[in-house]
Amino acid sequence: MAFDIPKTTVHRMVHRVTWAVVGLLKRIIHFPQGNDINDVGDGFARLAGSAHFNVVVGAIDGYHIRVKPPTADKNCYLNRKRFYSIQLQAICDHRGRYVDICCGFPGSVHDSRVLKNSPVYLQQQYPPDGQCIIGDGGYPCLAAPIRLLTPYRAPNLNPVQARYNSMLSRARNIIERSFGMMKTRWRSIFFKTLKVSPTFAPAVITCCTILHNLCLDNGDIMEPEEDEAGDDGPEPEHRAQEPASSPTGPSTTTIPSSSFTLEAADIAVVVVYFIFVMVVGIWSSVRANRSTVGGYFLAGRSMSWWPIGASLMSSNVGSGLFIGLAGTGAAGGIAVGGFELNAAWVLVALGWVFVPVYIAAGVVTMPEYLAKRFGGQRIRIYMSVLSLILYIFTKISTDIFSGALFIQVSLGWDLYLSTAILLLVTAAYTVAGGLTAVIYTDALQTVIMVVGAFALMFIAFSKVGWYDGLLERYPSAIPSVTVANTTCHLPRSDAFQLLRDPLTGDLPWPGLVFGLTVVATWVWCTDQVIVQRSLSAKSLSHAKGGSVLGGYLKLLPMFFIVMPGMISRALFPDEVGCVDPAVCQRVCGASVGCSNIAYPKLVVELMPVGLRGLMIAVMLAALMSSLTSIFNSSSTLFTLDLYCRARPKATERELMLVGRVFILVLVCVSLLWIPIIQTANSGQLFDYIQSVTSFLAPPITAVFLLAVFWPRANEQGAFWGLMAGLVVGVVRMVLEFVYKAPSCGEPDHRPALLANVHYLYFAVILLTLTCLVIAAVSLATPPIPKEHLYRLTWWSRHSQEPRIDLPGPWMTSDPVTSEPSPDSESWWRRAALWLCGLTGSISGSDSPTVENTNLTSLQERPLWRNICNVNAIILLTVNVFVWGYYS
């Protein structure tokens, strides 16, 4: 009751007033006539910033209003966003005043079908001859029966087309602003579910449009405001439902917190995950040979192909890749998936080209190979230090940041405490078990990652309408708050193409094919983290098998990481696709964009209880597996390439302890690095990783390629090539950080080297420059005698001639100092040594680098060699098919 008036009486009064207002429809909402049409055209020309738009006399768009559906035809009202609605289609003039409306179609009907069944279309009522209306990409471009202009959607827009799209967007924003004003004025209708009969709802909405016009006619202009907290139901489907940019600047939208509370089932899944990881870590640590250099750093060279392949996958697919790939996919489409597809080719090169040379050379680390190949100490020291720096800047930092980002977005946990716990658990079995523990836990983490990521992928595709739904909805995933006079809020028209324009593409195809291969060769064929796994194989066939399995697994991320990132933008355009710096800062804390939250957003919004816990386990697995790999490989580099330089007569036990202590140091560095990465985080994390890598890695790739394939390359050429490449790469990197990429709507004042030379093109340029310097200096200096190169190049890998090591590298085969007697050690020291697997007698005459002669053999059983070759051909065939299908 209201004032003791019966509810039925109130309802009758509301209905009578509503229908009385609706009776004013033709008097208030009508097409402009005479000189008014010219005024409308001039107004749209001013909005677009071009006199050519004076033929535009209206902007059309659609808007979904939440309703309570009838029981009988409930599914007809369910729209693609999965909430029940009816549609309002409106045409407005340059002031935002409605000149035509069509209301009442259920939510399942597409915008274009609403148009083609509306009176304005069927009766050809508007616009007059020689004039047109404009709409977004959801409408067809028409010349008859009415003239309707829409944006170009060609894969590659030329400058004229792009400029037209920009002007069209500016002019069309008025209809979005009009919807925003109406929403703000009648919040209880448009922000909540309209709980009236679906047959009466169109009358209520028509009343709102009539009153909207009356308000504008009387100077009552209410700017769109931010949404209230506690809005009912999911976000609106169409971008026009949110307040749009005003001519004076963008409006803002409050994004609700997306964190959730873990249920008992989620906690149980996470606990079971940690138990499994610790059990596998302890089991592999106990069974491993942890007391020798070969046992700790190369798992005794006893690993089979399947854990190697799984470890290759999980070592590379860390949390940074989940966050970065999905984020870049959300921002630019599937082209970033080419980074994963390219890996298959260089993994085959690793197993068939590089690993045979490394095995024949009998090396443990990559700097050690260069020291044997070229002699001297400076290259080995430089490579070790640079590799450790690259690990910190492109691996540890980004993995820590992305893992922390996921924890914050999804759980709201304390950043430092949760990261510290993860790092300590990770370091525990890495310190104790060495590479054996790392590889076996990586294999477990890979299974968890693949299962969990596929579960989220299927749920996400079901929400968006599978692949056809993604093709339809991603191009229209535009945020409601845009920046005036720009087009950066529009999804790329070539979003579903792998190979893009070499000049205007965000990932140009020559860079993706050639420049990416330069960077990928460093990652997969010369980087200690990856190569160390292949060197742990019990034979060359197992190393090849691991490469093939890794190649198959690397086909998957484009489907279970990149495409879900695009789905995230399609479902949540206002958060994932935000472009206004103020809104982005509020959503994710980064003014340059929030595409990095694409994957965590899917987990929070879509995963049911229990599966949320699984996805948390997936991200923790990705973070821990990549960190363990980096920690172990960094420890190997520091201990064998740097510490042995300082103490060439160090005992085996001393080297094992130093390697473990260095891991703990890296844990501390990782924690201290978190605030720095938070401050410098980018809107597209994957681009940051790849761009920094492309500035520093190509010289390394050049040196290894020439070392393996060109015997004439010598130490002087390699060193000065590295120095020249380093100087050029650092200059580009410094410029990249000094001149920030412009935000949406800002002019690009960066030097031409930054603005016009893509980082993948720069990788090719830097590789070429380094190769030329190496070749020129090598040809100008004496060559390395042939007897020093046996089994160090591709051409001499099968040679049985005795090799004479070049002078210069520090040697670790001298007698080492004796170990202290176990009886003289304190109990706490014996306990620590037992935990690290360093108990038992160790002969003082053993060398840290003494190797089994079988470990340098390249012999393979014909059966397994053929199986590996056939699988490699199948892998590359499938890879080529995927490239061709999505090109």
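Two residues are in contact when heavy atoms of theirs lie within 4.5 Å of each other. Keep that in mind as you click around; the model on your screen is a predicted one.

**Stop 1: a buried aspartate**

Select D527, in the loop between α19 (509-526) and α20 (528-535). Is D527 buried or exposed? Its relative accessibility is 2%, so D527 counts as buried, the cut-off being under 20%. Now show what surrounds D527: setting aside neighbours within four places in sequence, you'll find contacts with M366, Y391, K395 and W522.

**Stop 2: the whole chain**

Zoom out. The chain has 887 residues, and 59% of them are buried. Colour by secondary structure and you should get 34 helices and 5 strands. How much of the contact list links residues 24 or more positions apart? Among contacts with a separation of 6 or more, such pairs account for 80%.

**Stop 3: the cores**

In soluble globular proteins, nonpolar side chains tend to be buried together. Here, the largest nonpolar core holds 146 residues. Select F322, Y358, Y369, L370, F374, W524 and Y599, the members that touch the most others in that core. Then pick helix α14 (residues 343-361), which gives the most to this core, with 15 residues. A second core, separate from the big one, has 54 residues, including I37, I65, V99 and I134.

Go back to L370 for a moment. Beyond its neighbours within four places in sequence, L370 is in contact with G375, I379, M383, V703, F704 and A707.

Next, select helix α25 (residues 598-606). Here 8 of the 9 residues are buried, so α25 is largely enclosed by the rest of the structure. The buried ones are A598, Y599, P600, K601, L602, V603, V604 and L606.

**Stop 4: two helix pairs**

Two packed helices are described by the angle between their axes and the distance between the axes.

Show α6 (residues 159-185) with α8 (residues 201-217): their axes are 10 Å apart and the angle is about 100°. That makes α6 roughly perpendicular to α8. Turn on side chains to see S178, M181, M182 and R185 of α6 meeting C208, T209, H212, C215 and L216 of α8. This contact is made up of 5 nonpolar, 3 polar and 1 charged residues.

Now try α18 (residues 466-473) with α22 (residues 557-571), whose axes come within 10 Å and cross at roughly 55°. So α18 is oblique to α22, and the crossing is left-handed. On the α18 side, select Y467, L470 and R473; on the α22 side, M563, M566, I567, A570 and L571. What kinds of residue make this contact? There are 7 nonpolar, no polar and 1 charged.

**Stop 5: backbone oddities**

Most residues other than glycine have a negative phi, and most peptide bonds are trans. Here are some exceptions to look up.

- W466, in helix α18, has a positive phi near 60°. With a relative accessible area of 47%, W466 is partly exposed.
- R791 sits in the loop between α32 (759-780) and α33 (827-835), and its phi is near 65°. R791 is buried, at 18% relative accessible area.
- Y126 and P127 are joined by a cis peptide bond, with omega about 5°. Look for P127 in the loop between α5 (119-122) and β4 (132-134).
- A144 to P145 is a cis bond too, with omega near 0°. P145 lies in the loop between β4 and β5 (148-149).

Definitions and conventions
Residues are numbered from 1 along each chain as its sequence is written. This is a predicted model: local features need pLDDT of at least 70, side-chain atom pairs count only at pLDDT 80 or more; totals for chains, interfaces and linings use all residues. Side-chain values use heavy atoms; hydrogens and water are left out. Axes are lines fitted to C-alpha atoms, for helices over the stretch in contact, and angles run from 0 to 180 degrees between N-to-C directions. Helices (H or I, at least four residues) and strands (E, at least two) are DSSP runs, numbered from the N terminus. Angles under 35 degrees count as roughly parallel, over 145 as roughly antiparallel, 65 to 115 as roughly perpendicular and the rest as oblique. A crossing is left-handed if the near helix is turned anticlockwise from the far one by less than a right angle, and right-handed if clockwise. Ala, Val, Leu, Ile, Met, Phe, Trp, Tyr, Cys and Pro count as nonpolar, Asp, Glu, Lys and Arg as charged, and the others, Gly among them, as polar. A nonpolar core is a set of buried Ala, Val, Leu, Ile, Met, Phe, Trp, Tyr and Cys residues joined through side-chain atoms within 4.5 Å. Buried means under 20% relative accessible area, exposed over 50%, partly exposed in between (1.4 Å probe, protein chains only).
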